[in-house]
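Open your viewer and keep the selection box handy. We'll hop from one selection to the next, with a note on what to look for at each stop.

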Amino acid sequence: MTAVDPNLHALDLLAGVETGFALSVLDSSPDCIKLIEVDGRVSFMNSNGMCAMEIADFGMIEDRPWPALWPAESHRLLDDAMAAARDGRVSTFEAFCPTARGTPRWWHVTVSPVRGPRGHVERILASSRDITDSVTARKLLEEQARALAQEVALKDAALARQKVLLGEIDHRVKNSFASVIALLRMQSRVHSGGEAGALLGDAANRIATLARVHDQLHLDPGADELPLMDYVRVLAMDLGQALNGRIELDLNGDRPVPVKPAQAAAIGQILAELIGNAVKHGGANRQAMIRIRLDCPDDRLRLTVEDDGPGLPEGFDAAQGTGLGMQICQVYTAQMDGLFRHGRSDLGGALFRVELRLDPVEGDTARDVGELGRRGTSVRAGD
Ligand SMILES: Nc1ncnc2c1ncn2[C@@H]1O[C@H](COP(=O)(O)OP(=O)(O)OP(=O)(O)O)[C@@H](O)[C@H]1O
Ligand SMILES: [Mg+2]
């Protein structure tokens with residue numbers, strides 16, 4: 001069985017009523033339908049088209065060249081589409097054309113050949129659909145995307161500038177640390193042998209420690225948090241090497257535990273004082289063995305530093321001494337609402353432990369500080 005061309009079948013059905021059919025198609029179409037002579041003159045426009053183009057009287061456009069109704073920048077598109085139709089091809093384009101009253105409108109235009117009984121192209125049919133709403137929405141979206149991309153580019157540039165600036169500041173801070181340390185060491189040498197010389201040497205060492213904490217903190221100047229375990233590992237090994245202590249690390253878990261730089265700085269400072277003390281008081285005339293344990297259950301941190309020295313003096317009270325080390329540890333721990341405890345290590349020497357919440361959330365501290373609020377209590381090695 002040969003397939004029947006549906007269009008020919010429709011023509012069969014319409015035999016005798018072609019005119020009525022053509023008129024109802026023209027009337028029912030919401031598009032602007034025009035018949036154009038092969039030389040480009042407009043000879044017909046349907047009533048919905050007149051309405052869409054806000055043309056009150058067809059006489060205004062009758063016999064005028066079709067491109068003359070469009071802005072000059074679209075003429076090329078129209079000429080090409082008419083040439084294609086004369087060649088028997090259908091083509092489409094999108095273009096802007098205001099109505100007769102100047103209302104801005106975007107159109108999707110389909111241009112097709114109209115053939116006579118002998119198959120020759122006798123006229124051109126142009127059907128224009130009003131796509132102003134979708135073009136406006138698309139343009140708005142494009143505009144927003146462009147604005148967003150511009151904003152992102154500006155922010156990226158600002159971030160890049162900030163990174164360079166932070167790097168520059170970091171560099172200057174390092175230089176300043178180095179100058180101060182060199183100056184103090186020079187002064188210490190001038191007063192060598194006396195109490196002033198020792199104090200100046202201590203000050204130089206403390207600033208060198210500060211510089212080490214700073215170095216670790218600013219490996220990535222733009223970062224707004226850093227991995228605590230890595231930070232403690234590198235800082236502890238670095239300090240152990242610088243102060244000649246034997247460090248044994250016990251970092252519990254592979255979790256990255258991100259912390260804010262301010263909190264990392266405080267933890268680094270406490271760690272540096274405790275390692276310094278272990279070497280200074282626990283390792284006179286020998287290399288101290290220092291065990292550092294760190295674990296972070298939930299959002300808490302527990303840092304323990306112990307050594308194999310002689311242990312803390314009888315009746316030791318961290319809050320009573322005149323040394324700076326204990327003061328620094330206590331001040332930083334208090335700032336972070338933590339607990340600072342001391343005791344005897346099963347290595348034989350002193351044991352210090354800091355427990356605190358990592359980056360306490362505002363309004364949540366009262367409940368969780370609880371036990372941590374009691375500071376300066378003593379602790380046993382196994383606790
Ligand atoms: N690991 C330790 N082993 C034994 N004793 C310690 C240890 N850590 C601290 N102490 C004792 O606690 C005291 C106070 O320590 P702190 O760090 O406050 O002062 P410092 O080390 O004497 O001086 P500074 O820290 O100001 O240089 C020390 O003088 C020492 O008696
Ligand atoms: Mg000390």
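Before the first stop, a cut-off: a residue counts as buried if 20 or more other C-beta atoms lie within 10 Å of its own, and as exposed if 12 or fewer do. Keep in mind, too, that this is a predicted model.

**Stop 1: Val213.** Select Val213, which sits in helix α6. Is it buried or exposed? There are 22 C-beta neighbours inside 10 Å, so Val213 counts as buried. Leaving aside residues up to four places away in sequence, Val213 touches Leu235, Ala265, Gly268, Gln269 and Ala272. Now draw a C-alpha to C-alpha distance from Val213 to Arg185: the two are 28 residues apart in sequence and 19 Å apart in space.

**Stop 2: helix α7.** One of those contacts, Leu235, is among the buried residues of α7, so select residues 228-243 next to see the whole helix. How far apart should the ends of α7 be? At 1.5 Å a residue, its 16 residues should span 22 Å, and the end C-alpha atoms are indeed 22 Å apart, which agrees. Then colour the buried residues of α7: Leu228, Tyr231, Val232, Leu235, Ala236, Leu239, Gly240 and Leu243. They cover an arc of only 150° around the axis, which means they are on the same side of α7. To see what covers these buried residues, show elements including α6 (195-217), β7 (246-251), α8 (261-282) and β9 (289-295). Just after α7 comes Asn244, with a positive phi near 60°.

**Stop 3: ligand 1.** Put ligand 1 in the centre of the view and show the 17 residues around it. Which of them come nearest? Those are Asn277, Gly323, Leu324, Gly325 and Met326. Helices α8 and α9 (324-335) each supply at least two residues of this shell, and the largest share, 5 residues, comes from α8. If you colour the shell by chemistry, you get 6 nonpolar, 8 polar and 3 charged residues.

**Stop 4: Gln335.** Stay with α9 and pick Gln335, which belongs to that helix. Gln335 has 12 other C-beta atoms within 10 Å, so it is exposed. For a long ruler line, join its C-alpha atom to that of Val4: they are 331 residues apart along the chain and separated by 89 Å.

**Stop 5: strands β3, β4 and β5.** Select residues 91-96 (β3) and 106-115 (β4): the two strands run antiparallel and are joined by 6 bridges. For a register check, Ser91 stands opposite Val111 in β4. Add β5 (residues 121-130), which pairs with β4 over 9 bridges, again in the antiparallel sense. Here the bridge partner of Val109 is Ser128 in β5. In the hairpin of β4 and β5, 5 residues lie between the strands, and Gly119 has a positive phi near 85°.

**Stop 6: two loop residues.** Most residues other than glycine have a negative phi. Here are two to check against that. Asp63, not a glycine, has a positive phi of about 70°; look for it in the loop between α3 (47-52) and α4 (75-86). With 9 C-beta neighbours inside 10 Å, Asp63 counts as exposed. Finish at Asn285, in the loop between α8 and β9, where phi is positive too, near 60°. Asn285 has 4 other C-beta atoms within 10 Å, so it is exposed.

Note on methods: Residues are numbered from 1 along each chain as its sequence is written. Chains are lettered from A and ligands numbered from 1 in the order in which they are written. This is a predicted model: local features need pLDDT of at least 70, side-chain atom pairs count only at pLDDT 80 or more; totals for chains, interfaces and linings use all residues. Two strands pair if DSSP finds at least two bridges between them. Helices (H or I, at least four residues) and strands (E, at least two) are DSSP runs, numbered from the N terminus. The expected span of a helix is 1.5 Å times one less than its number of residues. The arc is that of the directions from the helix axis to the C-beta atoms. Two residues are in contact if their C-beta atoms, placed from the backbone, lie within 7 Å. A residue is near a molecule or strand if its C-beta atom, placed from the backbone, lies within 6 Å of it. Ala, Val, Leu, Ile, Met, Phe, Trp, Tyr, Cys and Pro count as nonpolar, Asp, Glu, Lys and Arg as charged, and the others, Gly among them, as polar.
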